[in-house]
Amino acid sequence: MGVFCNGFSLFLIACSMVVVASGSFYQDFDLTWGDHRAKIFNGGQLLSLSLDKVSGSGFKSKKEYLFGRIDMQLKLVAGNSAGTVTAYYLSSQGPTHDEIDFEFLGNLTGDPYILHTNVFTQGKGNREQQFYLWFDPTRNFHTYSIIWSQQHIIFLVDNFPIRVFKNAESIGVPFPKSQPMRIYSSLWNADDWATRGGLVKTDWTKAPFTAYYRNFKADACTWSYGTSSCGSSSSSSFSDRSWQTNALDAPSRRRLRWVQKYFMIYNYCADLKRFPQGLPPECRRSRF
């Protein structure tokens, strides 16, 4: 049984077009751990996560999503952030979960953050790509976005695509398309691996470490009790459905090539030592 919803078919899902306006972290998210270290303030327009030697902190979305575009502006931990990880991701639950990851790996003062990306399908990840950023992510807010459709997953930074993970089910590669996911974010200590493979440890004299969030927007299909509703959850009710387009346009492809040429520092699809028996099958397909 299939149901057609706004340009794609979903199995056993009833769909309707709605636009839900929401402009507050109080309305869209729950603070899930860290006690006072996670805070919502400025009338619900700002959220902060902090890490000290006792604990980190985190939050998750009240809603689950099945396809859409998710935008969030972040300002990362400033100064000596070595050993810290700020994670911002979509995930379902269980041993065969799907997950779409942004992880920001802290560094010593003056050294660049590493943006770590990964895609898990049916509980399996190992699809890492890593990037330096072309700006200081601690000085101002920048927008980090995920476009998730049946055709592809696109990671964007300030609307520049940095990575595309295409649906390659036709050659046997699982793709996240049936498990609704929540948005999660956390700030935590990972000095056993995060900075130079764990060689640089967290300097707790610099604690607390704090990251800031604002301007959340989800132009997406929400999931509730087996039903998906497609609309917009943000400070405005604008919903242009452009995330459903099947491919990057020419300017976006040029931006992707620019980022991957000058700022990509690791690509699992180029790691022949890691995959001596041959690269994963999706690596042999076109990026676009």
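Let us start with a charge and a ring: in this predicted model, the charged end of arginine 255 sits over the ring of phenylalanine 160, at 5.1 Å from the ring centre. A second arrangement of this kind involves lysine 75, whose charged end sits over the ring of tyrosine 212, 5.8 Å from its centre.

With those two spots in view, step back to the whole chain. It has two helices and 19 strands. Of its 288 residues, 53% are buried. Among contacts with a separation of 6 or more, 65% are between residues 24 or more positions apart. The accessible surface of the chain comes to about 13,200 Å², and carbon and sulfur atoms hold 51% of that area.

How far can you trust what you see? The average pLDDT of the chain is 88, and 85% of the residues score at least 70. Residues 1–22 have a pLDDT below 50, although this stretch has 59 contacts in the model beyond near neighbours in sequence. Where pLDDT is low, the predicted coordinates should not be read in detail.

Now back to the rings. The chain has 20 aromatic pairs. One of them joins phenylalanine 25 and phenylalanine 29, a tilted pair with 5.6 Å from centre to centre and 40 degrees between the planes. Phenylalanine 25 counts as buried because its relative accessibility is 4%, under the 20% cut-off. Phenylalanine 29 is buried too, at 2% relative accessibility. These two rings belong to one aromatic cluster, together with Phe59, Tyr213 and Phe216.

Another pair brings together phenylalanine 67 and tryptophan 148. Their ring centres are 5.2 Å apart and their planes meet at 55 degrees; this angle is between 30 and 60 degrees, so the pair counts as tilted. Here the pair links distant parts of the chain: phenylalanine 67 lies in strand β8 (residues 64–75) and tryptophan 148 in strand β13, 81 residues apart. Both partners are buried, phenylalanine 67 at 1% relative accessibility and tryptophan 148 at 2%.

Strand β13 (residues 142–148) also holds histidine 142. Is histidine 142 buried or exposed? With a relative accessible area of 13%, histidine 142 falls under the 20% cut-off and is therefore buried. Leaving out residues up to four places away in sequence, histidine 142 touches Met72, Gln73, Leu74, Phe135, Asp136, Pro137 and Asp158. The last of these deserves a second look. Aspartate 158 is 16 residues from histidine 142 along the chain, and their C-alpha atoms are separated by 6.1 Å. Their side chains make a polar contact with each other, at 2.7 Å.

Our last stop is arginine 37, found in the loop between β4 (29–33) and β5 (38–41). Although arginine 37 lies in a loop, it counts as buried because its relative accessibility is 10%, again under the 20% cut-off. Which residue's side chain makes a polar contact with the side chain of arginine 37? The partner is aspartate 52, at 2.9 Å. Beyond neighbours within four places in sequence, arginine 37 is in contact with Ser48, Leu49, Ser50, Asp52, Val54, Ser55, Gly56 and Ser57.

Notes:
Residues numbered from 1 in each chain as written. Predicted model: local features only at pLDDT ≥ 70, side-chain atom pairs only at ≥ 80, totals over all residues. Heavy atoms only, no water. pLDDT = per-residue confidence, 0-100. Contact = heavy atoms within 4.5 Å. Helix = DSSP H or I, 4+ residues; strand = E, 2+ residues; numbered from the N terminus. Buried < 20%, exposed > 50% of the residue type's maximum accessible area, 1.4 Å probe, protein only. Polar contact = N/O pair within 3.5 Å; in protein donor to acceptor, adjacent residues only side chain to side chain. Phe/Tyr/Trp six-rings, centres within 6.5 Å; stacked < 30°, edge-to-face > 60°. Lys NZ or Arg CZ within 6 Å of the ring centre and 35° of its normal. Areas by Shrake-Rupley, 256 points an atom, 1.4 Å probe, with all protein chains shown as cover.
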